[in-house]
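Please open the structure in a viewer and set it to show residue selections. The tour that follows moves through its enclosed spaces, one selection at a time.

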Amino acid sequence: MRKILIANRGEIALRVNRAAHELGIATVAIFSEADRASLHVRSADEAYCVGPGPAARSYLNIPNIVSAALISGADAIHPGYGFLAENARFAEICADHGLTFIGPTPEAISTMGDKARAKAMMAAAKVPITPGTGILESAADAAKAAAKIGFPVMLKATAGGGGKGMRVVRAPGEVEHAYATAQAEAEANFKNGALYLEKFIEQPRHVEVQVIGDTFGNVVHVGERDCSVQKPSHQKLIEEAPAPALGERVRERLHGVALTAARAARYTSAGTLEFLVSGDDVFFMEMNTRIQVEHPVSEMLYGVDLVREQIRVAAGEKLSFSQKDLKARGHAIECRINAEDPSQNFAPAAGTMREVVLPGGYGVRVDSHAYAGLAIPPFYDSLIAKIVAWGETREQALKRMECALRETYIDGVATTAGICLAIVRDERFRAGGVSIDFLNHFDAAAAAAHP
Ligand code: MV4
């Protein structure tokens with residue numbers, strides 16, 4: 001592999017660029033007209049404009065992206081996260097044009113993209129799943145299944161993930177309306193209205209396991225991450241590893257189950273298995289077939305470079321480590337600094353960053369494309385920096401994060417730095433083991449003001 005086209009923008013484009021350059025591989029950036037001044041354009045060896053600001057016409061424009069790859073002589077494409085990262089058809093088109101897709105196979109992407117199918121595959125592999133159904137035929141079908149499973153239940157879109165087309169149903173009288181609205185939402189968002197149903201798990205934690213596999217059948221886990229601190233939109237705000245308040249036996253079971261799941265899927269790249277954890281019970285939820293935003297948490301904990309490894313296995317090399325080489329050390333936590341206003345329900349804040357001061361020091365990692373004078377286009381997600389703090393203990397990692405957030409200063413747009421600081425200082429958060437509704441009960445408005 002000599003040249004990689006990076007089909008993404010922002011911090012993850014920089015992240016991939018670094019891994020490629022460290023491996024001695026040349027890079028090609030793509031950018032939209034709204035991203036001409038972006039750092040990822042400057043850091044790559046060459047760059048091509050692939051269309052106007054709206055993502056559908058640039059970062060999702062497959063013909064333009066593949067053309068840029070062919071014209072530049074790239075032999076591989078890294079999709080990052082979001083955009084085309086979990087588009088099986090894109091992975092196929094890359095292969096058809098002799099381009100190595102740096103990610104899993106189209107088959108793995110499409111199986112895991114269909115949540116009901118993924119659940120069925122996991123059930124067959126004896127991975128614990130939430131009690132539930134396959135694809136439902138009708139609202140009446142849903143009502144019958146709900147009565148059997150017992151309320152509360154949750155309707156989910158099989159093409160969904162991340163919360164869209166999802167409804168909690170607490171009583172028989174609510175089934176029909178919930179079914180109709182979830183189906184319409186799924187149809188509108190995914191052009192696929194198919195729903196399934198499962199037992200609703202009350203106040204669980206979101207714990208996910210990082211895995212990576214190669215094309216020789218080797219699969220390892222790189223530990224778990226607790227991502228229970230999420231916004232109402234299901235976007236994660238804070239992630240940490242190891243998951244706090246998880247018994248050693250549950251942790252080991254989770255790791256074992258994740259390996260079983262990844263092997264059942266014959267998985268060949270970096271991926272994440274998401275679980276709901278309730279007491280000592282773990283339930284497989286879905287698999288993300290991409291490198292995730294929060295991957296640096298695991299990199300800090302285990303001392304591995306997951307993007308480098310992704311590139312190596314896509315080039316047909318063996319994983320450079322085995323399970324016994326991987327030892328977690330200490331504790332790592334990530335805060336996402338988004339250009340959005342926590343006091344306005346996390347509404348995106350477009351604008352120009354006038355001043356940008358990012359933290360540093362021992363045990364602090366910052367992945368960011370931000371600089372003073374950079375305008376934040378309204379077209380894309382609002383992540384401007386990921387701050388990751390490592391410590392020998394959770395206590396030390398939290399203290400280091402607190403110091404890092406106090407150093408952080410972004411002027412010109414509202415950010416989540418203030419609320420992240422309030423959370424890492426919060427007594428209940430510091431106690432560890434908060435559930436997924438933690439942020440619903442957190443006074444975002446009061447916490448938003450940056451000290
Ligand atoms: C659930 C659940 C409770 N029980 N499934 C949210 C996004 C999607 N990936 C699945 N989600 C959930 N599925 C059952 N059977 C609760 C959620 C959920 C959630 C999960 C993880 C993190 C934050 C969440 C916030 C609300 C609901």
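**Cavities of the predicted model**

Begin with strand β10, which gives the most to the lining of the largest cavity, with three residues. The model on display is predicted.

Next, select β10 (219–230) together with β11 (236–241): each of these strands supplies at least two residues of the lining of the largest cavity. To complete the wall, select Asp226, Ser228, Val229, Ile238, Glu240, Pro244, Phe429, Gly433 and Val434, which line the largest cavity. The space that they surround has a volume of about 60 Å³.

Now colour this lining by residue class. What does the division into nonpolar, polar and charged residues look like here? Five residues of the lining of the largest cavity are nonpolar, two are polar and two are charged.

How many cavities of 30 Å³ or more does a search of the whole structure find? The search finds two, and the tour now turns to the second largest, which holds about 30 Å³ of space.

For this stop, select His78, Pro79, Gly80, Ala85, Phe101, Ile102, Gly103 and Pro104, then add Thr289, Arg290, Ile291 and Gln310; these residues line the second largest cavity. Colouring by class gives six nonpolar residues, five polar and one charged in this lining.

Finally, colour the model by domain. Which domains each give at least three residues to the lining of the second largest cavity? They are domain 1 (3–102) and domain 3 (205–449).

Terms used. Residues numbered from 1 in each chain as written. Predicted model: local features only at pLDDT ≥ 70, side-chain atom pairs only at ≥ 80, totals over all residues. Heavy atoms only, no water. 1 Å grid on protein atoms, 1.4 Å probe; cavity = no way out; pocket = protein on both sides within 12 Å on 5 of 7 lines; lining within 4 Å. Points joined across faces, edges and corners; volume = space filled by probe spheres on them. Helix = DSSP H or I, 4+ residues; strand = E, 2+ residues; numbered from the N terminus. Nonpolar A, V, L, I, M, F, W, Y, C, P; charged D, E, K, R; others polar. Domains from an automatic or database assignment.
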